[in-house]
Amino acid sequence: MSSVEQTTVMSVPLSPYAAALLRRMTDPDQEPAAERQPVDLSRVGDREFGVLLVAARGLSRPENAGQHPGWAVRWAVEQALRERQPRFTPESCAALLAVQAERVGTEPYSASPTLATGALLRCDGPWPESARRSAGVIARGVLGYGRVTEPYAVAALAGLAGGLTRPVLSKLFAWSLHSFARDEFDLLVKLGVTAQLLVAEVCPDRSYVTPPQLPDAWQRLAAIGEYVSFARRALEAAYARVAAIRAGELPYAADRAFGRDEVEVLGRAARIALLRDEPWLPELLRPLLLGVAVAPTGANTLPSQALLYELARAVGDFPTPAALAALVAARGVVRHKGVPKQLDRMLKRIERGLAERPDAVLRLPDLGFDADGGCVVPVGDHHAVLTASEGVLLRWRRADGTLSATVPAPVRRDHPDRLKELRARVKQAKDQLTALARTLEAGFPAASAQPYRQWREGLASNGLGWQVARRLIWEFPDASGRWRAGLPDAGWRAGEPDEAGELFRDVAGGPLPPPGPEAPIRLWHPVRAGVDEVRAWRDLLTERRLRQPLRQAFREVYLLTPAEEQTGDHSLRFAAHVVHYRQLYALLKGRGWTTSMLGPWDGGDSAEAWRVLAGGAWRVGLHHDYLGEEGVECAGTGRVWFERMREGAWRPSVLTEVPVELFSEAMRDVDLFVAVASIAADPFWTDGRTQYVDYWRAENSRELTSTARVRREALARILPRTKIADRCELTDRYLVVRGDRRTYKIHLGSANILMEPDDSYLCIVPARRKAPGDIFLPFEEDRLGLILSKAFLLADDTRITDRSILAQLRPRR
């Protein structure tokens, strides 16, 4: 090659760097060792990456792999393939299939059919005849090797090579081919190779050496009208089978209602319907979910746990409010002890996904609630009254017009089914309000906005949705383009303006004219506001005793620090903390982070946790190390960094480029992990332990985190309204409580207690963590309630009778 700049391989012009990497794999003697640097594939374009992938797959493993210069490139390419979307010219696509065909003869177990089908879908032009021949070689070779683990990909390759035959299908699905799977394959044979390739692309059966699923694979499959019709037929047939089981027309056996291949097909059908937001789906999906979630007998089993989870995963991929509500209802009827916990994790993922679909999040079923959040239901000669203001209540109207929580005897006696239905509606409404609040909150990192018209027609005009919207601060641009924040006016109902046309009022009570129909509206976030404005909103909500459905005005704010600006691409703000590892792992999973389990095994000493944010545009990483010692599983926290999706790959970003809302929300997660899982919050840590005691003690004098500072602000507003106000004082880090026996310092971060004058530790583990009495808390938080309950106990310490506490109160000699 005379000029690297002009190098073209497989019709792809290569940059000097890509050409050098190619030489290291194909002709390493031409690349001086002194010029070999660590492989950086972020410098390689997607089509160049496709060429390198061909060379990497064609490079056989030498005996001295650790010394071969091309092997390091191959390893880097195959690792990057798990996160990159390569592109292929017809020539490079044919070359990759040829390489895969060669591997069938030497390493049939490593010839990836899904890599071959994926290359065909990522090809920029018509497939050469040589690619069709190679596809046939791969299909025949894999079929002859043994049990096929990627049957849909092999079927697609066989179809490309000359057509799917019945013997091929019989070989592929020797283990089973139930009714829905048979119907789907009959359709795929009719539809041809493109549909077969798309089904292979969206299948869960994918080899290790395969790129991520094409972003538009489901959309392309959903554009095939005949497949959409099949999806509806399959889901209707599935419900008919469930109904027959419930009616006793078919025998019931736990988890046997559907075969494994049927579950996979129904999952595809549900995703197609959810993606297209088919109008017929809600009325079908809800009874199907309820039907597979609980046995028709009194057993604590269910007809198909596999289908329940698969449908939940489908909703997670393409969430809609109606599907979320149906899944919540199914979760409420499950009797199997282990299923609700798994569903709860899936529901959190669905809520986060729904927050990234502002066009869909506002379509909340109203369950019959009117604009004032009320619903009156006649039951015989009585009337049930459901209300949803700051909670959902079921009460009964007496003859004199007053309401009572007691169920009338005639209703209990004559209408038990109706009563059960009403109680189920109350629970469903509670679940929907909770899900809506969590969904809205999940939109904070992306600063999700929607047109005001959609907000009015979807959320504000919905009886349940309005109960959430009216207690939140919203912001929208005024005529000058400046964003203004306001609470919906108290006189507004069902999205109708009052006589003055004032729909919102700012923090000072002044009117804000409503925005135009297409103007964006979004939740106000304190990170975008000044300190005085945030303080004013907190004062207003406390004065009105208005508890928000999600933490907004009292939300923690995390701004970039000078130290983080200096480090540039990472933060050490939450590094060097010692946490309970199992608790950290549960918190990571619960907040949607992906990580591997640590432990005392090879490779288990450190890990990186990731969370994808803003619809896949950003992700945040957290490093942590295993610190298992003396029979205690702990972890040490490390750096936090951010990456941005560019040109199909995750690329590191400097912290100053991260949007402020996204940075604040990601750091809020990490602060939560440290605050909750830290051993400093464990009152029993020092009982017989010597490890990390210095850290445990140091945390009780450390500067407060953002979470603890918000807690301090809340206490500053709460305490003056309590009967112990004259016995309490807030300092920088402590709530100081003056009792009759001692004076106590409750740390606002850990809630641990030190006693004056010698700062001896007082261990108290209260039975409950809620604030005592009728104390208004502007937001729900366990530790805030814990600090208040301890303060009330210690302010009246002469009434303490617990012997273990009294023993600690005696002064040391």
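**Exercise 1. Work out whether F185 is buried or exposed in this predicted model, then look at its ring partner.**

Start with the accessible area: F185 has a relative value of 2%. Buried means under 20%, so F185 is buried.

Next, find the partner. The ring centres of F185 and Y152 are 5.2 Å apart, and their planes meet at 15°. Planes under 30 degrees apart count as stacked, so that's the label for this pair.

Now place the two rings along the chain. Y152 belongs to helix α7 (residues 151–161) and F185 to helix α9 (residues 179–191), with their positions 33 residues apart, so to speak: the pair links distant parts of the chain.

Then check Y152 as well: its relative accessibility is 6%, so Y152 counts as buried too. There's one more neighbour to spot, as the charged end of R268 sits over the Y152 ring, 4.6 Å from its centre.

**Exercise 2. Classify the ring pair W524 and W537.**

Take the numbers: the centres are 6.3 Å apart and the planes are at 55°. Stacked needs under 30 degrees and edge-to-face needs over 60, so this pair is tilted.

Where do the two sit? W524 is in the loop between β12 (520–523) and α23 (531–544), while W537 is in helix α23 itself, 13 residues apart. Both W524 and W537 are buried.

For the wider picture, the structure holds 17 aromatic pairs. Ring pairs also join Y452, W455, W474, F476 and F504 into a cluster. And if you're after another charge over a ring, try R639, which lies over the face of W641 at 4.2 Å from the ring centre.

**Exercise 3. Describe how helices α13 and α15 pack.**

Two packed helices are described by the angle between their axes and the distance between the axes.

Here, α13 (residues 260–276) and α15 (residues 305–317) pack at about 30°, with axes 9 Å apart. Angles under 35 degrees count as roughly parallel, so α13 is roughly parallel to α15. Their crossing is right-handed.

Who makes the contact? On α13, the residues include V263, L266 and L274; on α15, they include A306, L311 and V315.

**Exercise 4. Decide whether P652 is buried or exposed, and find its contacts.**

P652 is in strand β18 (residues 649–653). Its relative accessibility is 63%, so P652 counts as exposed.

Skip the neighbours within four places in sequence, and P652 is in contact with F642, E643 and R646. As for K420, P652 is 232 residues from it in sequence and 54 Å from it in space, C-alpha to C-alpha.

Terms used. Residues are numbered from 1 along each chain as its sequence is written. This is a predicted model: local features need pLDDT of at least 70, side-chain atom pairs count only at pLDDT 80 or more; totals for chains, interfaces and linings use all residues. Side-chain values use heavy atoms; hydrogens and water are left out. Rings of Phe, Tyr and Trp (its six-membered ring) pair if their centres lie within 6.5 Å; planes under 30 degrees apart count as stacked, over 60 as edge-to-face and the rest as tilted. Helices (H or I, at least four residues) and strands (E, at least two) are DSSP runs, numbered from the N terminus. Buried means under 20% relative accessible area, exposed over 50%, partly exposed in between (1.4 Å probe, protein chains only). A charge sits over a ring if NZ of Lys or CZ of Arg is within 6 Å of the ring centre and within 35 degrees of the ring normal. Contact means heavy atoms within 4.5 Å. Axes are lines fitted to C-alpha atoms, for helices over the stretch in contact, and angles run from 0 to 180 degrees between N-to-C directions. Angles under 35 degrees count as roughly parallel, over 145 as roughly antiparallel, 65 to 115 as roughly perpendicular and the rest as oblique. A crossing is left-handed if the near helix is turned anticlockwise from the far one by less than a right angle, and right-handed if clockwise.
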